Amino acid sequence: MSAVLELKGVTKKFGGLVAVDDVSLDVQQGEIFSIIGPNGAGKSTLFNCINGLYRATEGSVWLNGEEITGAKPHIIAKKGLSRTFQNLELFSKMTTMENLMLGRHLYMKTNFWNLPSMLWRKGAAAKDETKHRQKVEEIIDLLDLQPERNRYTSHLPYGRQKIVELGRALATEPSVLLLDEPAAGLNHEEKEELIFWINDIKRLFDVTILIIEHNMQLVTAISDRIMALNFGKSMVIGSPDQVIKHPDVIKAYLG
Amino acid sequence: MLGQLILSGIVAGSIYALVALAMSLTYKSSEVANFAQGEMAMFSTYIAFVMLASYQLPFWLAFIGSLVFAFFLGLFLHFGIIRRAKEPNVLNLLIITLGFQIFLYGLAGWKWGSEQRVLKLPISQTETVEIAGTTISQLNLATVIVALILMLLLFVLLKFTKLGLAIKATQQNETAAKINGIPTNRIVAITFGISSVIGAVAGIMLAPITTLDPNMMIEPMLKGFAAAVLGGFNSLVGVVAGAFLLGILENLFGFYVSTEFKSIVAFLIIVIVLYFKPSGLFGTHYVRKV
Amino acid sequence: MDKRTSYFEDITLFKDRSVLIWSLLALSLLIGLPFMLAGYQVFVVNLILVNIIIVLGLNVLVGNTGQISLGHGGFVAIGAYMTVILDDRWLPFLPALIIAGFIAAIFGFILGIPSLKLEGPYLAVATLGFGLAITVIIGRVQFFGGHMGIMPPELTVFGTKLSSNTDFYFLCLIIALVMGIFARLLIKSRIGRAFSAIRDSDIAASALGVHVTWYKTLSFAFSAFYAGVGGGIWAYALGFISPGNFTPVLSILLLSMVVVGGLGTITGSVLGATVITLLNLQGEKIQELPLIGPFFEWISAQFMSISGLPNINFMFMGLTVMIIILFEPLGLFGLWIRIKIYFKTWPF
């Protein structure tokens, strides 16, 4: 089994502030890898370093054996990495369908020169649109987004918005999926559904998943391995049992 | 010669600084780039003219009178217009102020016609004063002094008074300010009033130098806006620095290279500066955390 | 609201039979229009069509991609001058127009580069400077005729000479329709979606594989192309162009057309361009209206200056712009939607 995502000594400094300090990890194909830690530990910053939003000050990031440190986010997306955001980065003036269709951006072929072929049903561009809308329907079906299909995402309740963002990341057919606090703001029922969905996603789409989460019930239920982060440093990496019983983790986080 | 150019630049910069301050003040407090600033100043200047010419009032009375008018014009802009906006986002407010600008332009043109008038200040345009080997007319000197006094007053207001604190609080977080008992609507209205007054002073000082007609403030406003951006729209010190810098650069370029292209150079310099400092020379760049 | 039965209906131009019928009716009206109006009125309609073309492009930049441009007059100028010069010396009209459009697009691409780092008032000033620079350069460089301006040659398209306003109208109409349909297709396509994504969250857009740099500059280039083509046609509609046509005031007027019309929509562009152009040109006609004209003249004599009466059209334009944006932030398009909904849900 090969490491699909590898971080080697990744450090991120903002001036004098060291947000991420020499973090190394490797995630195996098909694994669900969780990152836990108190607020401000550097978890989201780590994600930002992975997907190209930030450039790591030191160290390197490897995806499927290829170095992606410092690459632009859209290149990294092209290589098969997708993510959601802690505070939601939905396209608020667009509908759910349009948000999800943007997930298909990389796979679509419409461009300036074949644009006129959108005019008739059998035109290349029109067929491109309809083909990818069908792909998006599969995700809508999986996540039960049918009633919200044509609604503006800014009009949806918070929990549904999170699901839309999850669907959008899925639409890119990633090999690695980064979820930043997917359960935050969800009610109890939705959190339980999320556990099923993540397992379904892993099974149906054959993705490797990294999750940042605070909800320990979720984390222990689905993770294969967990990393605990504190003040930017990795405290321990191991199986759920090992990590939640680790004295440092209990002191810093679980109380 | 160089000194003379720099001095002329400072004079021009004083006008730009006043306009820039006026625009930056309202932007700081309410994210409104007030594009009506120029015509509001122009209108107040006409009011001064009317008081001087038609009613034969003494200058100081006319001056104060027009400033009072300017203040209420600013209040009107906020309460009567901007507050009524159903969706006050930046672009919409910009267009609303633009509409107000066009309206005032038309109103002034209708009321007073488009002939150029002469606004007489009790300060001579021809008598000169010698400073450090360069000559400057009394009027230009007065322009610089008045601008500096106004800037000082504004600085004192913002830093040392309760009102200043309220203005800063409203700008940084309106909801928090409201919760703490600050009447944010009134505060924003007052900032509009103050910036209108500053603009009016700029107009009154400018009119004797150039002319008084409905078009007088259009170019200074655009330049003042550019200067504010050059200095950094959210730093009042930066805005003033940018204005003086712009005035000096324009004059230097106008003499040493060519007068025809001097305004493009100004903008070229601004674009280059913005390339290296996207928030202006002294502005702070807020990066959103995701 | 409307029931759709296939994905194609999401993107097609004619959602159902009634839309097709209304479109055909509108088309027949447009074809018959010049024969129903006086010569000068056709001239005004031509100017409206020119502005529609420009605003279609600008709306994609401002409304869809969320950028701001206070310098679009510059692209109009480039298109106008390049079309005239190319037509005069080397090429027939249509190729000259298209190439001029592409030249404007190249400049648009260049102006897009500062947009990558700037936003809000900073971008506004950068674009303002650009527009101003173009005007000044054209005014001083003799190649472009300097202050005095230049006159386009006789307009011949595919061998036929177009001399009357009506001839010209059909040329403008065809170009406007083609470009309008193209813009509409663009907005609903993957490219338009990428633009909107950049407007709403360029971070997320980037994380989904959208090449933000490329699309932002592309948006500027696209809108510049439209402005250039509009400018090229404008030169022939006016019969004469000089630097004075392309001041920052033009850029500001164009931006107003976009916002007043309705951001990000084709209908909005058409409505905004029509209304503002009419106000701008016909506002002076206020004095000629039956009751209102003498009324304003009376007020002029009493309180205002008589010579300044023509300025009243500025007052009306300013008022209209303010009132529309104050009470209908979605612009004229928003008003149009309200009217449609009112009739759809009548009598409730």
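A residue is called buried here if 20 or more other C-beta atoms lie within 10 Å of its own, exposed if 12 or fewer do, and partly exposed in between, with C-beta atoms placed from the backbone. The model is predicted: local features need pLDDT of at least 70 and side-chain atom pairs count only at pLDDT 80 or more, whereas totals for chains, interfaces and linings use all residues. Residues are numbered from 1 along each chain as its sequence is written, and chains are lettered from A and ligands numbered from 1 in the order in which they are written.

**Stop 1: chain A**

Select chain A, which has nine helices and ten strands. Helices (H or I, at least four residues) and strands (E, at least two) are DSSP runs, numbered from the N terminus. The C-alpha trace of chain A spans about 65 × 40 × 35 Å along its principal axes. Its radius of gyration is 19 Å, which agrees with the value near 18 Å for a compact globule of 255 residues; the radius is taken over C-alpha atoms, and the globule rule is 2.2 Å times the number of residues to the power 0.38. Of the 255 residues, 45% count as buried. Contacts require the C-beta atoms of two residues, placed from the backbone, to lie within 7 Å. Of the contacts in chain A with a separation of 6 or more, 66% are between residues 24 or more positions apart.

Next, select helix 1 of chain A, residues 43–51. Nine of its nine residues are buried, so helix 1 is largely enclosed by the rest of the structure. The buried residues are A:Lys43, A:Ser44, A:Thr45, A:Leu46, A:Phe47, A:Asn48, A:Cys49, A:Ile50 and A:Asn51. Just after this helix, A:Gly52 takes a positive phi of about 100 degrees.

Then move to A:Leu7, in strand 1 (residues 3–14) of chain A. A:Leu7 is buried, with 24 other C-beta atoms within 10 Å. Leaving aside neighbours within four places in sequence, A:Leu7 is in contact with A:Val23, A:Ser24, A:Leu25, A:Gly59 and A:Val61. For a sense of scale, pick A:Lys135 as well: its C-alpha atom is separated by 32 Å from that of A:Leu7, 128 residues away along the chain.

**Stop 2: where chain B meets chain C**

Display chains B and C together. Here 43 residues of chain B are in contact with 39 residues of chain C. On the chain B side, helix 4 (90–112), helix 9 (218–231) and helix 11 (262–276) each supply at least two residues. Which helix of chain B gives the most to this side? Helix 4 does, with 17 residues. The residues of chain B that touch chain C divide into 30 nonpolar, eight polar and five charged. In this classification, Ala, Val, Leu, Ile, Met, Phe, Trp, Tyr, Cys and Pro count as nonpolar, Asp, Glu, Lys and Arg as charged, and the others, Gly among them, as polar.

Keep helix 4 of chain B selected and add helix 2 (residues 37–53) of chain B; their axes come within 8 Å and cross at roughly 25 degrees. Axes are lines fitted to C-alpha atoms, for helices over the stretch in contact, and angles run from 0 to 180 degrees between N-to-C directions. The two helices are therefore roughly parallel to each other; angles under 35 degrees count as roughly parallel, over 145 as roughly antiparallel, 65 to 115 as roughly perpendicular and the rest as oblique. In helix 2, B:Gly38, B:Glu39, B:Met40, B:Met42, B:Phe43 and B:Tyr46 meet B:Gln101, B:Leu104, B:Tyr105, B:Ala108 and B:Trp112 in helix 4. By class, this contact has eight nonpolar, two polar and one charged residues.

**Stop 3: chain C**

Now isolate chain C, with 15 helices and two strands. Its C-alpha trace spans about 60 × 60 × 45 Å along the principal axes. Of its 348 residues, 53% count as buried.

Select helix 5 (residues 93–115) and helix 6 (residues 120–140) of chain C, whose axes come within 10 Å and cross at roughly 150 degrees. That makes helix 5 roughly antiparallel to helix 6. C:Leu111, C:Pro114 and C:Ser115 in helix 5 meet C:Leu123, C:Ala126, C:Thr127 and C:Phe130 in helix 6. This contact has five nonpolar, two polar and no charged residues.

Finish at helix 11 (residues 248–261) and helix 14 (residues 312–327) of chain C, with axes that come within 9 Å and cross at roughly 40 degrees. C:Ser256, C:Val259 and C:Val260 in helix 11 meet C:Val321, C:Ile324 and C:Ile325 in helix 14.
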